[in-house]
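Here is a short tour of some local backbone and surface details. Have the sequence and the structure at hand as you read.

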Amino acid sequence: MEKSERSCTLLVHFDKASPSLSSEIKEALESNDTPLKIEALKKSISLLLNGETLPHLFITVVRYVLPSEDHTVQKLLLLYLEIISKTDSNGRVLPEMILICQNLRNNLQHPNEYIRGVTLRFLCRISEQEILEPLVPSILACLEHRHPFVRRNAILCVSFISRLGFGEQLLPDSADLVEKVLGSEQDASARRNAFVMLCNTAQDRAVAFLLSHADQVSDWPGLLQMSVLDLIRKVCRQSSPSKSRFIKIIISLLSSQNNEVIYECAAALTSLSSAPTAVRAAANTYCQLLVSQSDNNVRLIVLDRLDELRAAQKGVMVEVVMDVLRALGSPNLDIRRKVLSIALELLTPRNIDEVVLFLKKEVVKTQTPAAAGGEDSEKGGEYRQMLVQSIHTCAVKFPSVASSVVHTLMDFLSDSNVGSAIDVVLFIREIIQTNPKLRAGIIQRLSDSLYQIRASRVVSSCLWILGEYSLSLSEVETAVEAIKTCLGELPFFTLSEEGETVNTQSNATSASAVMMSSSRRPVVLADGTYATQTAATEITPVVINSGSVGSGQNLRSLILSGDFFLSAVVACTLTKLVLRLEEVQLSKKAVNKTETEVLLILVAILELGKSSVMPHPIDEDSYERIVICVRLLCSGKEEIKKVWIEDCKESFVKMLSEKQRRESEESKAKLKVESAQPDDLIDFYHLKSRKGMSQLEIEDQVQDDLKRATGQFMTESDESNKLNRILQLTGFSDPVYAEAYVTVHHYDITLDVTIINRTKQTLQNLCLELATMGDLKLVDRPQNYTIAPQSSRQVKANIKVSSTETGVIFGNIVYETSNVTERNVVVLNDIHIDIMDYMSPASCADVAFRNMWAEFEWENKVAVNTVINDEYEYLQHILKSTNMKCLTPQSALEGDCGFLAANLYAKSVFGEDALVNLSVEKQSDGKLSGFIRIRSKTQGIALSLGDKITLKQKGGSN
């Protein structure tokens, strides 16, 4: 017979440094001093819980403690009786235990309701039939006690006894008694306890009671309503014919004032029915909770439920998108990010205008100071960036709304938050290509506001837009003038000569015409004495004409700070504008004048880059680009002009089309293709009688039939995948065979271990002892089991995971046999928890990837070592092995050039980002060489992912 370790219902801290003697405790218990007696009882309980036996103390307790009328003494007495051993080694009740039965009976008949209640609660932890049997009449009498505290504990006690193996013998009519109590009881907790017991012992009666009082359920207390929802879920899983009546009860509970009840009602509705009416009611309930609750954790949970509804019932969720957006009023950025992601998936031609108008208002709010009810400056910038990205997505999906938002967003090109400004300029760059009608207005606005932009990356993109999309004569001339104004007067610096100070601008930095640089060093004279020799050198000072930021010369300030990449962008933009001017300007004189001015600017930039006044010289790439611009303007070859004017824009158009193609492929991949067998039965609801059916019942049946027809009721189970998760822990020749089925679900790992006794002896006190290495933590305390010969036992172990890191679970099985006194140990094989169970492919923008790459401090560099000879095949093998997604477009990976570079990205269930850059090159002997660089915010994920790649990258041998 299998017997598990006696359950522990009480834990008390005990300081082993100050042990108490049994004789001292006995003397204190025999005294008449109540406080001393209380302290003695506490010490005895602590000793018993920490392994002490105290065998001779029981008689003292019976003689001197049982008669006490003090409530604290009586409560401690019940705790003492709860933890002492009541049976002998053979499982029989000790004779002295009969002594306490009379005291327990007296307590159950005590005039004080507290004594009765705690005694009834104590009896819920007693499983010995000999003790409970004489107390049954007194327990049943407490069901009718005047005080609700006694009645609710009496119901718990009856429920506990009825679940015992001998419960049917002691209380054959327990269900009748509790059902009677349920009909007349007024206390909320007592009614809840009675209903839960009825659900566990006589579910049919509980269902009948619920249906007979269906119109009163909305008036029941919240505790009882929660129990009703649990019963409905349990019954409906068994395909109850009364499902529609249960759904009506749930809908009636949606009007409850208890937030916990309406949340559970919404969850129950979505799990039981797919009818649009039911889903709509659940979605409205979630939106109501989203606005009414102030706890951010609750809001995030509700948003998760709404996201699940969106994936399953998008057509219904479209109706509540504006209600979801109301949650943007929360200052928490995580909530706002989740709300925007849900709303962007629910866009339709009907609601797009309303959604974009709401987002525009939110963007304007971010400019309002915090003192006036606006956003905090630090959070406001990040929130504005999220809003701009969302509006960008809206405009890409529905180009018709771009005209209503583009000019509003252009106000943020000079935003102090560089990330937000970059998102705006990327949005403008895409919109100006996809919406030709907006081109003229955008170009004019860019030319007018170019001087306000302070960020180098933003102004570079603006210059590219001006160079590519300024087509008319007025646009080209305006763009050239705007750039010249931002650059200021030439030259950028001058050299002063012969003691004269040169001032080409009022804000120029001037110095004295002649500066003396002296150096001193000791020398030895002819007579052997020391002297100091001074050498003076005349230096010609440099005057840097740095434009003032306040005067609108932002390009000049950035270039003088050493940003030569921006200098190259300015050169290319001016060159494109001059080439465009040659096509649209009829006056050759005007073209030559502009071309000369542009050449002067380019030469001045080159001279500045090569001078010694800058913090660092110009880089070779920027220098080469500017030189090419100078040569192009001087030579004027037509074939080269075509490359500059047309081919650059065509490359951008191809990039946009490739991006749209990838997005459409991803959206198609998200659609689940359901399948059904051709011989499955289908109920034709058109042939059914609709008499007496409500609209909800008809919709529910229609949805169920559609699910059967499309195969959504089918659950495909991959048996081979399950077998892969079964790990053998011991050998076939071991006396105890064990294997584990490992399930990883987010933060939990469940080990379902099967233990088989292969011997002909009974294994006693068998214990599965486990330990972990890494960020894993055991949840359960190991228990002892007794396993009969040739029988088995299922043991479950729960482990909590706190980070994405490869962990190891190890341990052994310890047991005893009747013939051997010492314990036997079987060492288990280690269980390695794979990091891939926590990783899932994810997408992120190129800008976000680069920002994270620069920010993350942990990097792991893995050398390429593989037998695969094809670069693309190697990339696909790494993607499959690491469960990551390739962010590099497919078009950039095509071709056979002997070199491949790609960015990979994945996200863990803990929200951690994993970045991988793969760079491989084919050598002359056909083998691949290169490196895989992994970056993450934490050390664990970088090292674990590197180990995984090292193990799997060879490909041919695995």
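Where is the place of Asn883? Asn883 sits in the loop that runs between helix 37 (871-882) and strand 17 (885-886). Please keep in mind that this is a predicted model.

**Positive phi values**

Most residues other than glycine have a negative phi. Asn883 has a positive phi, near 60 degrees, and Asn765 also has a positive value, near 50 degrees. Asn765 belongs to strand 8 (residues 763-773). How much of each side is open to solvent is worth a look too: Asn765 is partly exposed, with a relative accessible area of 32%, and Asn883 is partly exposed at 28%.

| Residue | Phi | Place | Relative accessible area |
|---|---|---|---|
| Asn765 | near 50 degrees | strand 8 (residues 763-773) | 32% |
| Asn883 | near 60 degrees | loop between helix 37 (871-882) and strand 17 (885-886) | 28% |

**A cis peptide bond**

Most peptide bonds are trans. Which residues does a cis peptide bond join here? Leu490 and Pro491 are the pair, with omega at about -5 degrees. To find Pro491, follow the chain into the loop between helix 28 (473-487) and strand 1 (493-495).

**A charged patch**

Let us finish at the surface. Asp619, Glu620, Asp621 and Glu624 form a negative surface patch. Of these residues, Asp621 can be placed in helix 32, which covers residues 620-635.

Notes:
Residues are numbered from 1 along each chain as its sequence is written. This is a predicted model: local features need pLDDT of at least 70, side-chain atom pairs count only at pLDDT 80 or more; totals for chains, interfaces and linings use all residues. Side-chain values use heavy atoms; hydrogens and water are left out. Patches are made of residues with over 30% relative accessible area and no salt bridge: like charges are joined within 9 Å, nonpolar side chains (Val, Leu, Ile, Met, Phe, Trp, Tyr) within 5 Å. Accessible areas come from the Shrake-Rupley method with a 1.4 Å probe; for residues, only the protein chains shown count as cover. A salt bridge is a side-chain nitrogen of Lys or Arg within 4 Å of a carboxyl oxygen of Asp or Glu. Lys and Arg count as positive and Asp and Glu as negative; His and the chain ends are not counted. The place of a charge is taken as NZ of Lys, CZ of Arg, CG of Asp or CD of Glu. Helices (H or I, at least four residues) and strands (E, at least two) are DSSP runs, numbered from the N terminus. Buried means under 20% relative accessible area, exposed over 50%, partly exposed in between (1.4 Å probe, protein chains only).
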